[in-house]
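Colleague: I am new to this structure. Could you take me through it, one question at a time?

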Amino acid sequence: MSVRQVHVSASAWSADLGALRASLAAAAPHCDSIHFDIMDNHFVPELLFGPDILATVKPHVPVPFQAHMMIENPERCVARYAPVVDTFLFHPATCADWSGIKQKVRGLGRSVGLALLLGEDWRAYRDDLADVDVVLVMGTDVGIKGVDINTDAYAVISELREHIDAHDYACLIQADGGIRRHTLPRLIAAGVDAITPGSLFFGSDFGTFRSRLRETQRELAVLRAESHEEV
């Protein structure tokens with residue numbers, strides 16, 4: 001029985017911001033990466049996580065860092081984040097030169113991802129799926145937290161899963177926004193490779209979270225196997 005292993009990229013926005021270094025260091029053994037929402041008070045209303053903050057905590061957090069660039073003109077600051085960021089996630093509409101920024105990030109030895117706004121048609125970027133490492137599917141509006149997922153996200157993930165598998169692309173599908181205990185099974189069933197939990201991860205015991213995630217994956221794998229046997 002094959003079980004898809006779901007990567008956990010914990011959202012630093014839900015960590016203890018008053019003790020960020022200690023909070024992320026405690027989380028690191030229980031997640032696969034840390035996801036930082038880089039926000040500029042222009043593209044999104046919040047203002048958070050400058051490069052010096054990431055550089056300060058990086059030596060104490062031994063997992064890869066993702067930077068979700070929720071900023072206008074991200075080209076201007078990629079070089080400043082690059083020393084401490086492993087994967088950059090961009091909204092193409094914010095980029096003056098989307099093709100150029102992908103090449104720049106690759107040239108810096110970093111991974112690059114495409115971030116889709118809630119309601120944005122992934123088909124507009126179908127040609128990009130062959131040369132990005134991650135496609136981030138937003139289940140909520142960017143720059144907010146504490147709201148439930150928009151159920152349209154499940155269909156987007158399912159369509160992406162089918163398209164990516166059909167073309168044998170290597171990019172991962174990551175879900176961000178509205179990651180809750182009741183939404184997790186549907187996200188996994190839809191075909192995510194990775195999730196970006198916030199309060200669900202930092203608001204519970206880390207070990208318990210991972211145990212529940214593994215159990216959910218096993219239960220869905222069993223149901224999938226049984227449904228195939230019935231066909």
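Colleague: Is Leu-116 buried or exposed, and what is its relative accessible area?

Modeller: Keep in mind that this is a predicted model. Leu-116 sits in strand β6, residues 111-116. The cut-off for buried is under 20% relative accessible area. Leu-116 falls under it, so it is buried, with a relative accessible area of 2%.

Colleague: Which residues does Leu-116 touch, leaving out those up to four places away in sequence?

Modeller: Leu-116 is buried. Its contacts include His-91 and Leu-160. The full set is His-91, Trp-122, Tyr-125, Val-135, Leu-136, Val-137, Met-138 and Leu-160.

Colleague: What separates the C-alpha atoms of Leu-116 and Ala-93 in space?

Modeller: Along the chain, Leu-116 and Ala-93 are 23 residues apart. In space, their C-alpha atoms are separated by 9.9 Å.

Colleague: Let us step back. How many helices and strands are in the protein?

Modeller: The chain has 231 residues, and buried residues make up 50% of them. The secondary structure comes to eight helices and nine strands.

Colleague: What is the radius of gyration, and why does it agree with a compact globule?

Modeller: The C-alpha trace spans about 55 × 40 × 30 Å along its principal axes. A compact globule with 231 residues would have a radius of gyration near 17 Å. The protein agrees with that, because its own value is 17 Å.

Colleague: Which residues touch the most other members of the largest nonpolar core?

Modeller: In soluble globular proteins, nonpolar side chains tend to be buried together. Here the largest nonpolar core has 77 residues. The largest share of this core, six residues, comes from α5. The residues that touch the most other members are Leu-24, Ile-34, Phe-36, Phe-88, Phe-90 and Leu-160.

Colleague: Why do the buried residues of helix α1 lie on the same side?

Modeller: Helix α1 covers residues 20-27, and Leu-20, Ser-23, Leu-24 and Ala-27 are buried there. An α-helix has 3.6 residues a turn, so residues three or four places apart point the same way. The buried residues of α1 are on the same side because they cover an arc of only 90°.

Colleague: Now the rings. What kind of pair do Phe-36 and Phe-49 form?

Modeller: The whole structure holds eight aromatic pairs. In this one, the ring centres are 5.2 Å apart and the planes stand at 85°. Planes over 60 degrees apart count as edge-to-face. So the pair Phe-36 and Phe-49 is edge-to-face.

Colleague: Which parts does the pair of Phe-36 and Phe-49 tie together?

Modeller: Both residues are buried. They tie together parts that are 13 residues apart in sequence. Those parts are strand β2 (residues 33-40), with Phe-36, and the loop between β3 (47-48) and α2 (51-57), with Phe-49.

Colleague: What kind of pair do Phe-88 and Phe-90 form?

Modeller: Phe-88 is buried, at a relative accessible area of 0%. Phe-90 is buried, also at 0%. Their ring centres are 5.9 Å apart and their planes at 10°, so this pair is stacked.

Colleague: Which residue has its charged end over the ring of Phe-65?

Modeller: Phe-65 is among the residues that Phe-36 touches. The charged end over its ring is 4.1 Å from the centre. That end belongs to Lys-58.

Colleague: Where does Met-39 lie, and is it buried or exposed?

Modeller: Met-39 touches Trp-13 and Gly-143, among others. Its place is in strand β2. At 3% relative accessibility, Met-39 counts as buried.

Colleague: What is the phi of Asp-168?

Modeller: Most residues other than glycine have a negative phi. Asp-168 lies in the loop between α5 (152-167) and β8 (172-176). Asp-168 is exposed, with a relative accessible area of 69%. Although it is not a glycine, Asp-168 has a positive phi of about 55°.

Colleague: Is Asn-73 buried, partly exposed or exposed?

Modeller: Asn-73 is not a glycine, yet it has a positive phi of about 55°. It lies in the loop between β4 (65-70) and α3 (78-81). At 32% relative accessibility, Asn-73 counts as partly exposed.

How values were computed
Residues numbered from 1 in each chain as written. Predicted model: local features only at pLDDT ≥ 70, side-chain atom pairs only at ≥ 80, totals over all residues. Heavy atoms only, no water. Phe/Tyr/Trp six-rings, centres within 6.5 Å; stacked < 30°, edge-to-face > 60°. Helix = DSSP H or I, 4+ residues; strand = E, 2+ residues; numbered from the N terminus. Buried < 20%, exposed > 50% of the residue type's maximum accessible area, 1.4 Å probe, protein only. Lys NZ or Arg CZ within 6 Å of the ring centre and 35° of its normal. Core = buried A, V, L, I, M, F, W, Y, C linked by side-chain atoms within 4.5 Å. Contact = heavy atoms within 4.5 Å. Arc of directions from axis to C-beta. Rg over C-alpha atoms; globule rule 2.2 N^0.38 Å.
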